[in-house]
Amino acid sequence: MKFLLLVTVFFAAGMFSCGKKSDDTGSKTESGNAEIVSIDENDLNESDEDLLTVDYKEFYDELAPHGEWIEVTDRDIGVELKGGTASGKSENRKISLADLFGVKDAHAYDDVSFGSFFVWRPSPGLAVGLSVAEPEPTYVPYSNGQWTYTDAGWYFRAASPYEEIVHHHGRWIYSPSLGWMWVPGRVWSPAWVDWRENDNYISWAPIPPSVYVVNNVVIVPPIYEERYIVVENRYFLEPFIYKHHHKDKYWLGDWRRIDGLVVVNNRVIDRGPDVTMIRNITGKEVNSVSIERVKDMKKMNYSDKELSVFSPDFRKIKTDKKIKKPDIKPDKFVNFEEKKSNHKERSAGS
């Protein structure tokens, strides 16, 4: 009798415990052996492993109508990713060519691949021409929009709500065959860019994958000079900044490097060009606009005094097992090799 009573109590306790855990963690993964847990919005410790464990379903759904999701590996996009690491750390500087898609450098990949994950390729219809000489416009991140000075530093206001996602979360990688592709990320920033300037020009370029906040700063590896957008500083505040992009070749090696992304009070700040200099050169009054982060894209709103910007909550898979690919996937996606082959066939036929 006592034994039956103990079994009953144990069973009831187990049911209560399981029910409580389910409420706390949300849902199980496809494998059934892991749980999905909430991520603290103040957690800025991104890592490569997030690409396999973080639930990006909201991003998958919002961006799907405006481009395509492609399943890739780190080798496909020319970088070496490792679970739980960030290339901003000195011991990982060997992947300084992270943004050079398809370039074989002297560093050999580990025998074990990082795993597969998903990147987003913008629809060609979103592209704008950066020069009259271009036969066909190509999509270039941080080109179609306007720089706005805020209480979080320089904020890039993109041309559409869905493009706001890819300009304030994640990183960009360039493919000679497929163009720019966006790699998801969960930490919000006014803009994930690197800055350069001289007396007459300001330039910026997307920060490559696997570069994160480390010790409250972002250490950026070398980036191809062709990746930088260059404008005369007097045009820096113009609403359609791509119209002022200079396509001339520049040697940026001797340009001044501007302080960029830092963390202040657990908030990512984009310092960028000196605001006093911008005021003096443009002759415009540049007032700081406050930023409010909202969880729903429908609540995004912009005014002269406040920007309500999209920054959702995230969850991730919690498991002791090594994850080779995300359990949570886009509803529709293509394989990288398939996409690359199709592109080559179309190019050969044209």
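Which residues in helix α5 (residues 275-282) are buried? In this predicted model, the buried residues of α5 are Val275, Ile278 and Thr282. They lie on the same side of the helix, because they cover an arc of only 55° around its axis. The partners of this buried side can also be named: the buried residues of α5 pack against the strands β4, β5 (153-158) and β9 (201-206).

The helix belongs to a chain of 350 residues, of which 49% are buried. The chain contains 6 helices and 18 strands. A further value describes how distant parts of the sequence meet. Among contacts between residues at least 6 apart in sequence, 70% join residues that are at least 24 apart.

A second helix, α4 (residues 161-168), may be considered next. This helix is mostly covered, with 7 of its 8 residues buried. The buried residues of α4 are Tyr162, Glu163, Glu164, Ile165, Val166, His167 and His168. Charged residue types thus appear in this list, since Asp, Glu, Lys and Arg count as charged, and Glu163 and Glu164 of α4 are both buried. After α4 comes Gly170, which has a positive phi, near 75°.

Strand β4, already met as a packing partner of the buried residues of α5, also takes part in a pocket. The second largest pocket has a volume of about 360 Å³. Of the 16 residues that line this pocket, Thr148, Tyr149, Asn287, Val289 and Asp304 are the closest to its centre. Strand β4 (residues 145-150) supplies the largest share of the lining, namely 4 residues. By chemical character, the lining residues of the second largest pocket divide into 6 nonpolar, 5 polar and 5 charged.

The final element is a sheet. How many strands form the open sheet that contains β14, β16 and β15? There are 3 strands, arranged in the order β14-β16-β15, and their pairing is mixed. Strands β14 (290-294) and β15 (301-302) stand at the edges; each has a single partner strand, so one side of each is left without a neighbour in the sheet. Strand β15 runs antiparallel to β16 (residues 306-310), and 2 bridges join these two strands. Within this part of the sheet, Tyr302 stands opposite Leu307 in β16.

Methods:
Residues numbered from 1 in each chain as written. Predicted model: local features only at pLDDT ≥ 70, side-chain atom pairs only at ≥ 80, totals over all residues. Heavy atoms only, no water. Pairing = 2+ DSSP bridges. 1 Å grid on protein atoms, 1.4 Å probe; cavity = no way out; pocket = protein on both sides within 12 Å on 5 of 7 lines; lining within 4 Å. Points joined across faces, edges and corners; volume = space filled by probe spheres on them. Buried < 20%, exposed > 50% of the residue type's maximum accessible area, 1.4 Å probe, protein only. Arc of directions from axis to C-beta. Contact = heavy atoms within 4.5 Å.
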